[in-house]
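Here is a short note for a colleague who is new to this entry. Please read the points with the structure open beside them.

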Amino acid sequence: MTETSAMPSPALMVNGAVMDQDSQPPVPVRAVLRFVLGLWDGLVWLLLVALPGVWQSLNFAGFALHFPYVLIGLVILGGVYYAIRAWADGHLLWFSAVLFLLGTWM
């Protein structure tokens, strides 16, 4: 005779307590922080790097001076996106600090 276990599935366990199948698991704090940092980095890049760089690129000299900073900020923003997708919190903080410093330097 085979016995079936009365234990619930591990997918239904949260912190040792059995969850109802209808209830949602709590949102982890790190996920909220990643979202906030990603949104903050995007706004810093847009408001402090991209918009001033585009507005000052009216002629070729202004374009040659400011557009590389817009691209550098965009590459760093891509790093922020990758750090969020890879759950690399240390890199996310580093990219956030670099993007903020780049934006304030501009």
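Leaving aside neighbours within four places in sequence, which residues is W45 in contact with? Point 4 takes this up.

1. **Basis and layout.** This is a predicted model. The chain has 106 residues. Three helices and two strands make up its elements. Read from the N terminus, the order is β-β-α-α-α. The strands therefore precede the helices under the DSSP assignment used here. Helix 1 spans residues 29-55 and helix 3 spans residues 89-105. Helix 2 covers residues 60-85.

2. **Annotated segments.** The UniProt record, an unreviewed entry, carries the annotation "transmembrane region" for residues 31-51 and 63-84. Such annotations may be inferred rather than shown by experiment. What does the model show there? Over residues 31-51 the chain is 100% helix and 0% strand. The C-alpha atoms at the two ends of that stretch are 28 Å apart. Residues 63-84 are likewise 100% helix, with 0% strand. Here the end C-alpha atoms are 31 Å apart.

3. **Surface and contacts overall.** Buried residues make up 25% of the chain. The exposed area is about 8000 Å². Carbon and sulfur atoms supply 71% of that area. Contacts can also be sorted by sequence separation. Among those with a separation of 6 or more, 57% are between residues 24 or more positions apart.

4. **The core, and W45.** The largest nonpolar core has 14 residues. W45, I76, A83, F95, L99 and L102 touch the most other members. Helix 1, helix 2 and helix 3 each give two or more residues to this core. Helix 2 provides the largest share, with five residues. Now back to the opening question. With neighbours within four places in sequence left aside, W45 is in contact with A50, V70, G73, L74, L77 and L99. One of these, L99, is also among the core residues that touch the most other members.

5. **A salt-bridge network.** How many salt bridges are there? The count comes to two. In one, the side chains of D89 and R30 meet, with an N to O distance of 2.4 Å. D89 lies in helix 3 and R30 in helix 1, so this pair ties together parts 59 residues apart in sequence. In the other, R34 and D89 meet at 3.1 Å, N to O. That pair also links distant parts of the chain, with R34 in helix 1 and D89 in helix 3, 55 residues apart. D89 takes part in both bridges. R30, R34 and D89 are thus described as one linked set, a network of salt bridges.

6. **Exposure within that network.** Is R34 buried or exposed? R34 counts as buried, because its relative accessibility is 6% and the cut-off for buried is under 20%. R30 is exposed, with a relative accessible area of 52%. D89 counts as partly exposed, at 22% relative accessibility.

7. **An aromatic pair in helix 2.** A search of the whole structure finds three aromatic pairs. Take F63 and F67. Their ring centres are 4.7 Å apart and their planes are at 15°, so the pair is stacked. Why are the two separated by about one helical turn? F63 and F67 are four residues apart in helix 2. Both are partly exposed by the numbers: F63 has 38% relative accessibility, and F67 has a relative accessible area of 29%.

8. **The loop between helix 2 and helix 3.** W87 lies in this loop. W87 has a positive phi of about 55°, although it is not a glycine. Most residues other than glycine have a negative phi. This residue is worth a look in the display. W87 is exposed, with a relative accessible area of 57%.

9. **Y81 and L92.** Y81 is found in helix 2. At 55% relative accessibility, Y81 counts as exposed. How many residues apart in sequence are Y81 and L92? They are eleven residues apart, and their C-alpha atoms are 8.4 Å apart in space.

Key: Residues are numbered from 1 along each chain as its sequence is written. This is a predicted model: local features need pLDDT of at least 70, side-chain atom pairs count only at pLDDT 80 or more; totals for chains, interfaces and linings use all residues. Side-chain values use heavy atoms; hydrogens and water are left out. Rings of Phe, Tyr and Trp (its six-membered ring) pair if their centres lie within 6.5 Å; planes under 30 degrees apart count as stacked, over 60 as edge-to-face and the rest as tilted. Buried means under 20% relative accessible area, exposed over 50%, partly exposed in between (1.4 Å probe, protein chains only). A salt bridge is a side-chain nitrogen of Lys or Arg within 4 Å of a carboxyl oxygen of Asp or Glu. A nonpolar core is a set of buried Ala, Val, Leu, Ile, Met, Phe, Trp, Tyr and Cys residues joined through side-chain atoms within 4.5 Å. Contact means heavy atoms within 4.5 Å. Accessible areas come from the Shrake-Rupley method with a 1.4 Å probe; for residues, only the protein chains shown count as cover.
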